[in-house]
Amino acid sequence: RAPWKTPTLPADSSPLPLRPPSEPVELIPLDRSHHALLENLGQLYRYDLSEAYRLLPNPDGTFNNRRLDRFLAGIDAEHRAWLITVAGGLGGFVMTAPTDTGGTSISDFFVVRALRRSGVGQETAGRVIAMFPGRWSIGYQSYNPGAQRFWSQVASDAVGDKWATHDDPPVEGRPPDTWITFQT
């Protein structure tokens with residue numbers, strides 16, 4: 001990875017701060033004891049999704065996240081979560097869930113904005129996929145070209161060109177999800 005370089009700006013502008021370090025990346029298993037940490041990062045994640053899904057906050061200023069709530073309640077024993085740390089700082093979280101077809105899915109994936117496009121997301125996704133060999137299904141929104149490029153690259157890194165995509169049927173009130181599927 002090339003180190004972040006401060007762009008050249010007009011003389012009357014101050015330079016952008018340096019990007020935070022993007023390595024080393026660590027995945028720390030999370031459980032219900034990490035409730036506050038996951039809840040806080042979950043709010044940032046849902047805020048990021050609010051534009052695409054046209055979500056408004058609840059009257060108390062928070063966003064709902066049913067999958068995270070179910071994980072924290074211990075309802076879904078096969079769902080797993082990891083904290084992403086980068087150079088010892090918080091970088092995001094990733095959650096997996098079993099699929100109905102016996103494979104695994106990345107159900108939630110969040111990298112803080114300061115670390116996006118730094119390789120942290122790709123490294124994290126690759127490590128999680130390597131933990132669970134077998135069938136994978138990862139959903140994203142096809143109208144988000146960044147997500148489409150990101151998950152296509154993750155799949156290509158994992159299995160070359162042996163992956164496929166398909167769209168869910170449309171759902172009233174939001175665009176359908178696109179799924180990328182492959183076998184490791």
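Colleague: Let's dive in at isoleucine 28. Which residue is its bridge partner in β2?

Modeller: That's leucine 83. Keep in mind that this is a predicted model. A bit further along, glutamate 26 has threonine 85 as its bridge partner in β2.

Colleague: And how do β1 and β2 pair overall?

Modeller: They pair in the antiparallel sense, over six bridges. β2 covers residues 80–86, and β1 covers 25–30.

Colleague: What about β2 itself, is it mostly covered or mostly open?

Modeller: Mostly covered: six of its seven residues are buried. On to its pairing with β3: those two strands run antiparallel and are joined by seven bridges. One of the pairs there is alanine 81 with methionine 95 in β3.

Colleague: What sits in the loop between β2 and β3?

Modeller: Alanine 87 has its place there. The hairpin of β2 and β3 has two residues between the strands, and alanine 87 takes a phi near 50°, a positive value in a residue other than glycine.

Colleague: Why would I care about the sign of phi?

Modeller: Because most residues other than glycine have a negative phi.

Colleague: Fair enough. Is alanine 87 buried, partly exposed or exposed?

Modeller: Alanine 87 counts as partly exposed, because its relative accessibility is 40% and that class lies between the 20% and 50% cut-offs.

Colleague: Where else does a positive phi turn up, say around the loop between β4 and α3?

Modeller: Arginine 117 is found in that loop, and its phi is near 65°. Arginine 117 is exposed, with a relative accessible area of 79%. There's also arginine 54, just after α1, with a positive phi of about 55°.

Colleague: Let's zoom out. In what order do the strands line up in the sheet?

Modeller: The order is β1-β2-β3-β4-β5-β7-β6. Seven strands form this open sheet, and the pairing is mixed.

Colleague: Which strands stand at the edges?

Modeller: β1 and β6, the latter being residues 163–167. Each has a single partner strand, so one side of each is left without a neighbour in the sheet. As for the twist, neighbouring strands are turned by 25° against each other on average, direction ignored.

Colleague: Now helices. What does α1 lie across?

Modeller: Helix α1, residues 35–53, lies across β1, β2, β3 and β4, and runs at about 85° to β4. Its buried residues include Leu38, Leu41, Tyr45 and Leu49. The buried residues of α1 pack against those strands and also against α2, which is 66–73.

Colleague: I spotted a glycine in α1, number 42. Is glycine 42 buried or exposed?

Modeller: Glycine 42 is buried, with a relative accessible area of 1%. Leaving aside residues up to four places away in sequence, glycine 42 touches Leu68 and Phe93.

Colleague: How far apart in space are glycine 42 and glycine 102?

Modeller: They're 26 Å apart, C-alpha to C-alpha, with their positions 60 residues apart in sequence.

Colleague: Switching helices: what does α4 lie across?

Modeller: Helix α4, residues 145–159, lies across β4, β5, β6 and β7. Its angle to β7 is about 5°.

Colleague: And α3, how many Å does it reach from its first C-alpha to its last?

Modeller: Helix α3, residues 120–131, reaches 17 Å, close to the 16 Å expected for its twelve residues. Its buried residues are Val120, Gly121, Thr124, Ala125, Val128 and Ile129. Seen down the axis of α3, they fall within an arc of 155°, so they line one face of the helix.

Colleague: Last topic, the chain as a whole. How many helices and strands are there?

Modeller: Four helices and seven strands. From the N terminus on, they run β-α-α-β-β-β-α-β-α-β-β. The radius of gyration is 17 Å, close to the 16 Å that the globule rule gives for 184 residues, so the chain is as compact as a globular protein of that length.

Colleague: What does the C-alpha trace span along its principal axes?

Modeller: About 55 × 45 × 35 Å. Buried residues make up 37% of the 184 in the chain. Of the contacts with a separation of 6 or more, 59% come from residues 24 or more positions apart.

Notes. Residues are numbered from 1 along each chain as its sequence is written. This is a predicted model: local features need pLDDT of at least 70, side-chain atom pairs count only at pLDDT 80 or more; totals for chains, interfaces and linings use all residues. Side-chain values use heavy atoms; hydrogens and water are left out. Two strands pair if DSSP finds at least two bridges between them. Axes are lines fitted to C-alpha atoms, for helices over the stretch in contact, and angles run from 0 to 180 degrees between N-to-C directions. Contact means heavy atoms within 4.5 Å. The expected span of a helix is 1.5 Å times one less than its number of residues. Buried means under 20% relative accessible area, exposed over 50%, partly exposed in between (1.4 Å probe, protein chains only). The arc is that of the directions from the helix axis to the C-beta atoms. The radius of gyration is taken over C-alpha atoms; the globule rule is 2.2 Å times the number of residues to the power 0.38.
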